[in-house]
Amino acid sequence: SVSKDDDMPIAEPISVPTNAPHPNRYGAICTEVYDLDKPPGSLPDVPFYLERLAGTDGPILEAGVGTGRLLIPLLEAGLEVEGFDRSADMLASCARHCAARGLAPALRQARFQDFGYEHDFAAILVPAGTFTLLDDFAEALAVLKRFFDHLRPGGRLLIDLMPLGYLTNERPDIRTWTTPSGDVLRIEGRAVEIDLVRQRRVTHDRYERWRDGRLVETELEVMAFRLWGLKEFELALAAAGFTDILVSADHQPGRPPGRSSRILNF
C-alpha cells in the first residue's frame with residue numbers, strides 16, 4: 001500500500017550561501033579570547049605532558065598549536081618542539097608570545113589534512129580535543145596515517161579526545177572576559193546540528209566586543225566536530241599502524257576512563 005505521506009512534496013536541498021563562514025576558522029576575536037582565557041601554561045594538562053615527554057630525544061610536533069599555551073611551557077622545559085596551525089590569527093599570537101619570552105620555535109600555517117615535514121618526529125601531540133575538529137571520518141583516518149608516517153620508529157602519538165557524551169550536550173556556552181583596554185568580550189555558543197549517525201556536532205559561536213555599553217564588533221565562528229567512541233578510536237589508531245595503545249582519563253596516567261571522565265588521553 002502507499003501512504004498519503006508519499007504525496008507530500010519533496011523539500012529542495014538547502015543551499016549554503018557563498019559568504020557562509022568556514023568551519024573551525026579561529027579568527028581574530030576568537031584568538032583574543034583564547035589569549036585571555038588560556039594564557040600559556042595555564043591549563044592543567046601541562047604537567048601531564050611535561051611528565052610524558054620528559055627525556056624525549058628528538059623533535060616534537062604539536063599539531064594545532066594555537067596561541068602557544070602548551071608549546072611555550074614545553075619549550076621552557078628544554079624540549080625541542082615546533083608546531084603548525086590552520087589559523088593565521090592563532091599563529092600570529094603564538095609568535096608574539098614566544099618572542100616576548102625569547103623563544104623562536106619553527107611555526108607554520110598548515111591544515112591537518114595537508115601538513116608535511118621533511119624530517120620525522122620523536123613525538124606528535126594533539127591536545128585539548130583538537131583532533132575532533134576533523135569532522136569527516138575518512139579525513140580523520142587519513143590524518144592518523146599521516147601522523148604515523150611522520151613519526152620515527154618507536155615514536156609516540158599523544159591525542160586527547162572529549163568523550164562521546166559531548167556530542168549531545170545542548171547547553172549554551174555564554175561567557176565574558178574584560179580586555180586590558182576595558183572592552184568586554186562575550187561568547188554565546190549554541191549547538192545547531194547534532195548528527196548521531198555521523199557522530200558530528202556543529203555549533204555557532206558568536207563572539208562580540210562591547211565598548212562603553214555598545215556592541216562594536218562581532219564574529220561568527222562555525223565549529224564542526226566529530227566525536228569518537230573509545231574502542232572505535234583504538235581501532236582507528238591500530239588501522240593507521242599504531243601499537244601499544246594506552247588510554248587514561250583526565251590527564252591522570254593509569255586512571256581508566258569512566259562515566260565521569262571529562263577527557264580521554266590516548
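# Helix α4 and three single residues

User: How do you know that the span of helix α4 agrees with its number of residues?

Analyst: Helix α4 holds 13 residues, 88-100. The expected span is 1.5 Å times one less than the number of residues. That gives 18 Å, and the end C-alpha atoms are 18 Å apart, so the two agree. Helices here are DSSP runs of H or I of at least four residues, and strands are runs of E of at least two, numbered from the N terminus.

User: What should I know about the model?

Analyst: This is a predicted model, in which local features need pLDDT of at least 70 and side-chain atom pairs count only at pLDDT 80 or more, while totals for chains, interfaces and linings use all residues. Residues are numbered from 1 along each chain as its sequence is written, and side-chain values use heavy atoms, with hydrogens and water left out.

User: Which residues of α4 are buried, and what puts them on the same side?

Analyst: Met90, Leu91, Ser93, Cys94, His97 and Cys98 are buried. They cover an arc of only 160° around the axis, so they share the same side of α4. The arc is taken from the directions from the helix axis to the C-beta atoms. Arg96, Ala99 and Ala100 are exposed on the other side. Buried means under 20% relative accessible area, exposed over 50%, partly exposed in between (1.4 Å probe, protein chains only).

User: What do the buried residues of α4 pack against?

Analyst: They pack against α1 (28-37), α3 (71-76), β2 (81-85) and β3 (107-109). Contact means heavy atoms within 4.5 Å.

User: Why is threonine 130 called buried or exposed?

Analyst: Its relative accessible area is 16%. Buried means under 20%, so threonine 130 counts as buried. Threonine 130 sits in the loop between β4 (121-126) and α5 (137-149). Not counting residues up to four places away in sequence, threonine 130 touches Ala63, Gly64, Phe112 and Asp160.

User: Why is aspartate 212 called exposed or buried?

Analyst: Aspartate 212 has 75% relative accessibility, and exposed means over 50%, so it counts as exposed. Aspartate 212 lies in the loop between β8 (200-211) and β9 (214-226). Its phi is positive, about 55°, although aspartate 212 is not a glycine.

User: And why is asparagine 24 called buried or exposed?

Analyst: Asparagine 24 has 8% relative accessibility, so it counts as buried. Asparagine 24 is in the segment before α1. Its phi is near 55°, a positive value in a residue other than glycine.
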